[in-house]
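Colleague: I'd like a close look at one part of this model, with enough of its surroundings to see where it sits. Please start from a single residue and work outwards.

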Amino acid sequence: MREGWVYKTFGEVGSFLRGKSIQKADFTENGMPCIHYGQIHTKFGVSVDKHLSEIPIEVYNKSIIASHGDVIIALTSEDVEGSCKSTAWIGDYDIAVGSDAAVYKHNLNSKFVVYYLHSNSFYDEKQKYARGFKVTHIKTTDIAKIPIPVPPLSEQQRIVSELDLLSSIIEKKKAQLKEYDQLAQSIFYDMFGDPVTNEKGWEVKKLGDCCKNCDSQRKPITAKDRIKGTIPYYGASGVVDFVKDYIFDGEYLLISEDGANLIIRSTPIAFRIKGKTWVNNHAHVLQFDALFKQIFMEYSINLRDISSIVTGCAQPKLTQAAMNNINIPYPPLPLQQSFASKIEAIERQKSLIQQSITEAETLFNSRMDYWFS
């Protein structure tokens with residue numbers, strides 16, 4: 001507890017209103033503004049001033065309404081970490097809030113409340129009340145029991161200004177990373193054109209003829225294999241956990257075998273790995289005889305839609321045969337090498353930015369702990 005601060009419970013300094021049923025099926029055009037709890041998890045940050053969805057007036061009139069300064073809290077999540085993900089509504093109009101979320105009305109600085117809801121101290125408290133296995137839920141009556149610091153409003157604003165500044169620095173640097181990704185894609189299209197239409201008329205090869213397939217070395221992993229270690233374990237969606245052993249030691253290209261993952265995820269379906277790695281049987285493993293070929297192939301695969309060759313319904317899958325049969329425009333090796341050199345230069349810049357993001361996030365977390373622990 002910080003000297004000079006008052007500590008009260010959420011219930012003592014505010015009140016909760018549970019949102020009412022607003023389904024995505026209710027969304028319409030030219031309706032009334034609303035927030036769905038899923039948007040709090042995926043779209044909004046510490047605060048938001050504009051809505052993304054609208055509902056009919058008759059649904060709006062039956063809904064719980066948030067006003068400027070209210071905090072909107074998601075009560076349902078996939079895990080404890082995501083429960084109570086929140087955003088401060090700072091728009092200059094009222095907005096409807098759907099079920100699985102709550103509106104918190106109070107007289108505090110709204111962003112101060114949200115920052116506290118995202119703190120380690122609050123995490124330790126909410127763990128006592130979060131319930132559920134596959135879906136985690138927390139009741140507003142339980143949140144109301146959790147203590148919250150209540151410094152003077154002027155100090156709340158000073159803390160918010162500091163944390164906002166650090167958050168802004170982090171977001172700007174993350175935007176730089178996206179700009180470099182866009183630059184890399186632009187360079188690929190400029191040099192080689194669309195990898196599907198092949199308008200530049202490059203020689204075409206089958207993917208299976210361009211590399212060595214190492215799928216036979218993949219290995220299923222069980223719960224007993226997962227430990228706190230230093231070897232990354234790759235599955236269909238990327239790094240899943242850390243394991244005690246490894247299979248691959250070198251540079252490889254992974255392509256997700258999970259067809260559903262290929263279609264719905266925004267992250268790349270092909271990505272490079274380097275060093276000691278354990279790969280399960282939900283990702284194809286390809287090895288190239290030169291790094292520049294691997295870099296070229298990563299972009300050639302990621303910049304295309306391969307959903308048409310994914311098979312299965314309940315469990316969509318990209319088979320090894322279908323993957324090997326993908327047509328790849330194959331420009332002369334010197335051009336591939338030139339492209340890879342440009343990408344490596346971009347990745348060096350991205351690495352520097354990522355390092356600065358890590359440092360800024362470390363400072364941000366340190367200041368969060370300073371104010372709220």
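Modeller: Happy to. In this predicted model, let's start at Val-285, which touches Lys-212, Asn-213, Cys-214, Asp-215, Arg-218, Phe-248, Tyr-252, Leu-253, Leu-254 and Val-279, not counting residues up to four places away in sequence. Val-285 belongs to strand S20, residues 283–287, and it is buried, with a relative accessible area of 0%. As a distance to check on your screen, the C-alpha atoms of Val-285 and Ser-256 are 9.0 Å apart, while the two residues are separated by 29 positions in sequence.

Now the setting. The chain has eleven helices and 21 strands, and 45% of its 373 residues count as buried. Of the contacts between residues at least 6 apart in sequence, 78% join residues at least 24 apart. The chain exposes about 19300 Å², with carbon and sulfur atoms supplying 50% of that area. As for confidence, the pLDDT averages 88 over the chain, and 90% of the residues score at least 70. Among the elements, helix H4 has the highest mean pLDDT, 98, and helix H8 (residues 259–264) the lowest, 50.

Next, the interior. In soluble globular proteins, nonpolar side chains tend to be buried together. Here the largest nonpolar core has 39 residues, and Phe-10 and Phe-372 have the most contacts inside it. At least two residues of this core come from each of helix H1 (10–13), strand S7 (71–74), strand S11 (101–106), helix H4 (110–117), strand S13 (147–150), helix H7 (153–192) and helix H11 (333–372). Helix H11 gives the most, with seven residues. Phe-372 is in contact with Phe-112, Tyr-115, Tyr-116, Ser-119, Ser-121, Pro-149, Ile-159 and Leu-163, leaving aside neighbours within four places in sequence. A second, separate core holds 33 residues, including Leu-253, Ile-255, Phe-292 and Leu-303. That brings us back to our starting point for a moment, as Leu-253 is one of the residues that Val-285 touches.

Helix H4 is worth a stop, and Lys-111 is a good residue to click on there. Since buried means under 20% relative accessible area, Lys-111 counts as buried at 19%. Beyond its neighbours within four places in sequence, Lys-111 is in contact with Val-46, Ser-47, Ala-88, Val-160 and Asp-164.

What does helix H4 pack against? To see that, look at the open sheet of five strands, ordered S2-S11-S7-S9-S4, with mixed pairing. Its edge strands are S2 (14–18) and S4 (47–48), each pairing on one side only. Strands S2 and S11 run antiparallel and are joined by five bridges, and within this pairing Ser-15 stands opposite Lys-105 of S11. Helix H4 packs on this sheet, touching S4, S7, S9 and S11, and its direction makes about 180° with that of S9.

There is also an open sheet of four strands, in the order S5-S3-S10-S6, again with mixed pairing. The edges here are strand S5 (53–55) and strand S6 (64–66), and each of them pairs on one side only. From one strand to the next, the twist averages 50°. Strand S6 runs antiparallel to strand S10 (residues 95–97), and three bridges join the two. If you want to trace that pairing by hand, Ile-64 has Val-97 in S10 as its bridge partner.

Finally, two backbone details may interest a computational chemist. Asp-100, in the loop between S10 and S11, has a positive phi of about 65° although it is not a glycine. At 25% relative accessibility, Asp-100 counts as partly exposed. Cys-84 likewise has a positive phi, near 70°, in a residue other than glycine. Cys-84 lies in the loop between strand S8 (76–77) and strand S9 (86–89), and it is buried, with a relative accessible area of 1%.

Terms used. Residues numbered from 1 in each chain as written. Predicted model: local features only at pLDDT ≥ 70, side-chain atom pairs only at ≥ 80, totals over all residues. Heavy atoms only, no water. Pairing = 2+ DSSP bridges. Axes fitted to C-alpha atoms, helices over the stretch in contact; angles between N-to-C directions. Buried < 20%, exposed > 50% of the residue type's maximum accessible area, 1.4 Å probe, protein only. Contact = heavy atoms within 4.5 Å. Areas by Shrake-Rupley, 256 points an atom, 1.4 Å probe, with all protein chains shown as cover. Core = buried A, V, L, I, M, F, W, Y, C linked by side-chain atoms within 4.5 Å. pLDDT = per-residue confidence, 0-100.
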